[in-house]
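Biologist: Could you take me closely through one part of this model, namely the open sheet and whatever packs on it, and then set that part in the context of the nonpolar cores and the whole chain?

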Amino acid sequence: MRGVGVELDLNLPYSTEGLPGVGGELRAAPDLFVVEEIPLYEASGTGQHLYVNVTKEELTTREVQRGLAEAFDLPYRAVGFAGMKDKYARATQTFSLLVGHVDESFLEAAPDRIGTKTPVTVNWVRLHRNKIKKGHLLGNRFTITITQPSVDGEIAMARAEAIAEQLRGCGLPNFYGPQRLGQNGSNVRRGWELLRGEKRIANRWLRSLLLASVQSYLCNRYLALRQQQGRFNRLLTGDIAKKHDTGGLFVVADQTVEQSRFERKEISFTAPIYGPKMWEAEAESGELEQAVLAESGLDLASLARAKMMGTRRLGRILLNDLSVTRKGTDIVVAFSLPKGAFATTVLREFMKVSDDLLAQAAVEDSSSDENGRN
């Protein structure tokens, strides 16, 4: 590991390089940043867990969790949820509460009971047989309004449509958002200090966040390098690919055989979240992974000592349902993302503003991604 300082390269290439952005601002009001959870499964109507679907504004997921626990006199750990949602947004998600066997009158009274403890809108309540756990979601739908574009409405709309068309065609790298890395990479630098033993942090949540930010930075470096080398829009021999329909992973033994499936958007390559338990790529793909790790000065042994076990992350985001509309002078961008992906990764393509401005506008409400702690 390098002895003095940490030289970070936070620059990420655009997938729509050459297409001018619209500028603008985010989160002028919660109803201009709308997030809706896409469930992994539907509630069956029977069971000992009460599923509560709510819409919240200016509340963290943890605050809603505590309010629901208080409403039903439960320990907060008896309240489950699939993933954190943004505080400064209009976010809809489902929680589960272990209430035991209850009757219809209990269900009918539940919304009013919830309203006495937490200021959310209850959309529906149903029973199901199991607790909702972290990761029990397919992804999230976003409807986000970019306000005060830097160009007038017609030009902004034309620019947004051109960007959307290109992104629908080829997708974009599944970069971690700047809110994960911190202002100017501050989270990454602090995580590196923990790895070096230069600092100690007793708060387990914060320690996990800072260490995960180092893994996130390395993943971004891998994706950026792959794109800069012209290897994003094709598979590499030795890639660990993922099937979009089943989620299954496999090694790409012959790139020429699998490339047609990649182009049909049936499969995508995965990117490394470095750690000793990560499934390592092979051949050409493995060489690229090792080059990024070597550049960092880290090794798998140092990550293992910090209990950063590693996994793999979908490398390409597909935006088949991406749409843009104009609302007065504003631009509304709507799209769906798989779990663990960052909306700011999409918005940076449209806005072409600094990542620091995006980080200030996009406050992450979680220290974990699609796999919990990496």
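Modeller: What follows begins with the strands, moves on to the helices and the cores, and ends with the chain as a whole.

Please keep in mind throughout that this is a predicted model. The part you ask about is an open sheet of four strands, arranged in the order β9-β8-β10-β11 with antiparallel pairing. At its edges stand β9, residues 249-251, and β11, residues 311-314, and because each has a single partner strand, one side of each is left without a neighbour in the sheet. From one strand to the next, the twist averages 45 degrees. Where β8, residues 240-243, runs antiparallel to β9, three bridges join the two strands, and within this pairing K242 stands opposite L249 of β9.

Two helices deserve attention here. Helix α6 packs on the sheet by touching β10 and β11, and its direction makes about 135 degrees with that of β10. Helix α7, which spans residues 255-263, also packs on the sheet, but it touches β8, β9 and β10, and its direction makes about 100 degrees with that of β10.

The sheet and its helices lead on to the interior of the model. The largest nonpolar core has 40 residues, and those with the most contacts inside it are W192, L195, Y222, Y274 and L298. Two or more residues are given to this core by each of α5 (186-196), α6 (204-228), β10 (267-273) and α8 (283-296), and the largest share, ten residues, comes from α6. As a general background, nonpolar side chains in soluble globular proteins tend to be buried together. For a view from a single residue, Y222 can be followed outwards: leaving aside its neighbours within four places in sequence, Y222 is in contact with D239, F269, T270, A271, P272, Y274, S285, L288, E289 and V292. A second, separate core of 32 residues includes I146, I331, A341 and V346.

As for the whole, the protein chain contains eleven helices and 14 strands, and 53% of its 374 residues count as buried. Among contacts between residues at least 6 apart in sequence, 81% join residues at least 24 apart. The radius of gyration of the protein chain is 21 Å, which agrees with the value near 21 Å that a compact globule of 374 residues would have, and its C-alpha atoms fill a box of roughly 60 × 55 × 45 Å along the principal axes. The accessible surface comes to about 16,600 Å², of which 48% belongs to carbon and sulfur atoms.

Conventions
Residues are numbered from 1 along each chain as its sequence is written. This is a predicted model: local features need pLDDT of at least 70, side-chain atom pairs count only at pLDDT 80 or more; totals for chains, interfaces and linings use all residues. Side-chain values use heavy atoms; hydrogens and water are left out. A nonpolar core is a set of buried Ala, Val, Leu, Ile, Met, Phe, Trp, Tyr and Cys residues joined through side-chain atoms within 4.5 Å. Buried means under 20% relative accessible area, exposed over 50%, partly exposed in between (1.4 Å probe, protein chains only). Contact means heavy atoms within 4.5 Å. Two strands pair if DSSP finds at least two bridges between them. Axes are lines fitted to C-alpha atoms, for helices over the stretch in contact, and angles run from 0 to 180 degrees between N-to-C directions. The radius of gyration is taken over C-alpha atoms; the globule rule is 2.2 Å times the number of residues to the power 0.38. Accessible areas come from the Shrake-Rupley method with a 1.4 Å probe; for residues, only the protein chains shown count as cover.
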